[in-house]
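I opened this notebook to keep track of what I look up in one structure. The entries follow the order in which I went through it.

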Amino acid sequence: MAVYHAGSRAVQDRAGVRDRADHVGRSLGRTVPPVAAAFLERQPLLIVGAADPGTGRVWAHALAGTPGFVRATGPRRVSVTAAHPFRGATAVGTLALDPRTRRRMRLNGRLTPTATGFTVDAEQVFSNCPKYIRRRESYRTVSRAPGAPRHLTALGSGEADFVRAADTFFLATVHGTGADASHRGGDPGFVRVTSPHELTWPDYSGNAMFLSLGNLHADPRAGLLFLDWETGDTLQLTGEARTEFGPDGSRAVRFTLTEARWTPSALPLCWSAP
């Protein structure tokens, strides 16, 4: 299986980094190394991205559990003991991120429901550098029940302020028969709310693979997840995104909202301040 599809290649060529991407692409594997398996078992949080088979809309979800709820159960398989948010989906992207160590691991593959959650058979396994991840020293699990989700078709002032205050969000994208979940970080305000239906953010220099932007080049559907690391509130957005290139080589992504979902106390994790 090729490391990159035509969408990623197009963005790499536009940025002039194809050779570097080929070098970095050698780090993508299809098995879960022992060090990665140990990392997964220590995490209380997993980000999952996929397209809803019923609507075709792409969403990013946050799953939480006692460490060990995500674990490698084979050289190419990860098992998750948590409610499965994508009924009928088969392609899924996952991201495990540890703010305490600023490490992250991405595993994309094929999803199969189980009696206790789901498994993912890996097609891509890789780590990213810690750049743009805000360190949070510790977390605690608190007893709180998720509130009823509130569905929106536009961002109000409260949701806009929530986005502007974020130093982190997660991005779900898809292509053909695959899906991916990635991290975006920066100083609060790095995501701009330009209207009740539109956001923009800068695309900072990274690993040159352009998996997310390559997916958007091939398929503009996208899902965004913002979370409050203390209260557990989440704001999920779904819509379409496109990359805009500046004359100086800079890049920005413009996202147009189709639907949003605000869930108070969605996660039982309370993290320390960055």
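**Entry 1: a tryptophan and its ring partner**

I looked up Trp271 first and found 6% relative accessibility, under the 20% limit, so I logged Trp271 as buried. I note here that the model is a predicted one.

I then counted aromatic pairs and got seven in the structure. In one of them, the ring centres of Tyr139 and Trp271 are 4.8 Å apart and the planes stand at 40°, so I entered the pair as tilted. The angle falls between the 30 and 60 degree limits, which means neither stacked nor edge-to-face applies. The two partners come from distant parts of the chain, 132 residues apart. Tyr139 belongs to strand E8 (residues 139-141), and Trp271 to strand E17 (residues 269-271). Is Tyr139 buried or partly exposed? Its relative accessibility is 21%, so I put Tyr139 down as partly exposed.

**Entry 2: other rings**

I followed the ring pairs further and found a cluster that joins Phe169, Phe190, Trp201 and Phe226.

Next I checked for charges over rings. Arg14 has its charged end over the ring of Phe245, 4.1 Å from the centre of that ring. For Arg261 the ring is that of Trp59, and the distance to the centre is again 4.1 Å.

**Entry 3: a histidine in a strand**

I picked His183, which is part of strand E11 (residues 178-185). With a relative accessible area of 5%, His183 is under the 20% limit and therefore buried.

Which side chain makes a polar contact with the side chain of His183? I found Arg104, at 3.4 Å. Arg104 is also on the list of residues that His183 touches once those up to four places away in sequence are left out. The others on that list are Leu95, Leu97, Tyr132, Ile133, Thr168, Phe169 and Phe170. Phe169 thus turns up twice in my notes, as a contact of His183 and as a member of the ring cluster.

**Entry 4: positive phi outside glycine**

I looked for residues other than glycine with a positive phi and wrote down two entries.

- Arg102 has phi near 60°. Arg102 sits in the loop between strand E5 (91-98) and strand E6 (103-113). Its relative accessible area is 24%, so I marked Arg102 as partly exposed.
- Phe210 has phi near 55°. Phe210 is in the loop between strand E13 (198-202) and helix H5 (211-218). At 11% relative accessibility I marked Phe210 as buried, because the limit is 20%.

**Entry 5: a loop leucine and a strand glutamine**

I turned to Leu28, in the loop between helix H2 (18-25) and helix H3 (34-41). Leu28 lies in a loop, yet its relative accessibility is 16% and I have to call Leu28 buried.

Apart from neighbours within four places in sequence, Leu28 is in contact with Val3, Gln124, Val125, Phe126 and Met209. I also took one C-alpha to C-alpha distance: Leu28 and Arg106 are 9.8 Å apart in space, with their positions 78 residues apart in sequence.

From that contact list I went on to Gln124, which is in strand E7 (residues 118-128). Its relative accessibility is 17%, so Gln124 is buried as well. With residues up to four places away left out, Gln124 touches Val3, Leu28, Gly29, Arg106, Leu107 and Asn108. Val3 is therefore a contact of Leu28 and of Gln124.

**Entry 6: pocket and cavities**

I looked up the largest pocket and found about 400 Å³ of space in it. It is lined by 19 residues, and those closest to its centre are His61, Ala62, Leu63, Ala266 and Leu267. Strand E2 (58-64), strand E15 (234-245) and strand E16 (251-263) each give at least two residues to the lining. The largest share is four residues, from E2.

How many cavities of 30 Å³ or more does the whole structure hold? I found four. The largest cavity holds about 400 Å³ of space. Its lining has 22 residues, and Arg184, Asp203, Tyr204, Gly206 and Asn207 are the closest to the centre. E6, E11 and H5 are the elements that contribute two or more residues to the lining of the largest cavity.

Note on methods: Residues numbered from 1 in each chain as written. Predicted model: local features only at pLDDT ≥ 70, side-chain atom pairs only at ≥ 80, totals over all residues. Heavy atoms only, no water. Phe/Tyr/Trp six-rings, centres within 6.5 Å; stacked < 30°, edge-to-face > 60°. Buried < 20%, exposed > 50% of the residue type's maximum accessible area, 1.4 Å probe, protein only. Lys NZ or Arg CZ within 6 Å of the ring centre and 35° of its normal. Polar contact = N/O pair within 3.5 Å; in protein donor to acceptor, adjacent residues only side chain to side chain. Contact = heavy atoms within 4.5 Å. 1 Å grid on protein atoms, 1.4 Å probe; cavity = no way out; pocket = protein on both sides within 12 Å on 5 of 7 lines; lining within 4 Å. Points joined across faces, edges and corners; volume = space filled by probe spheres on them.
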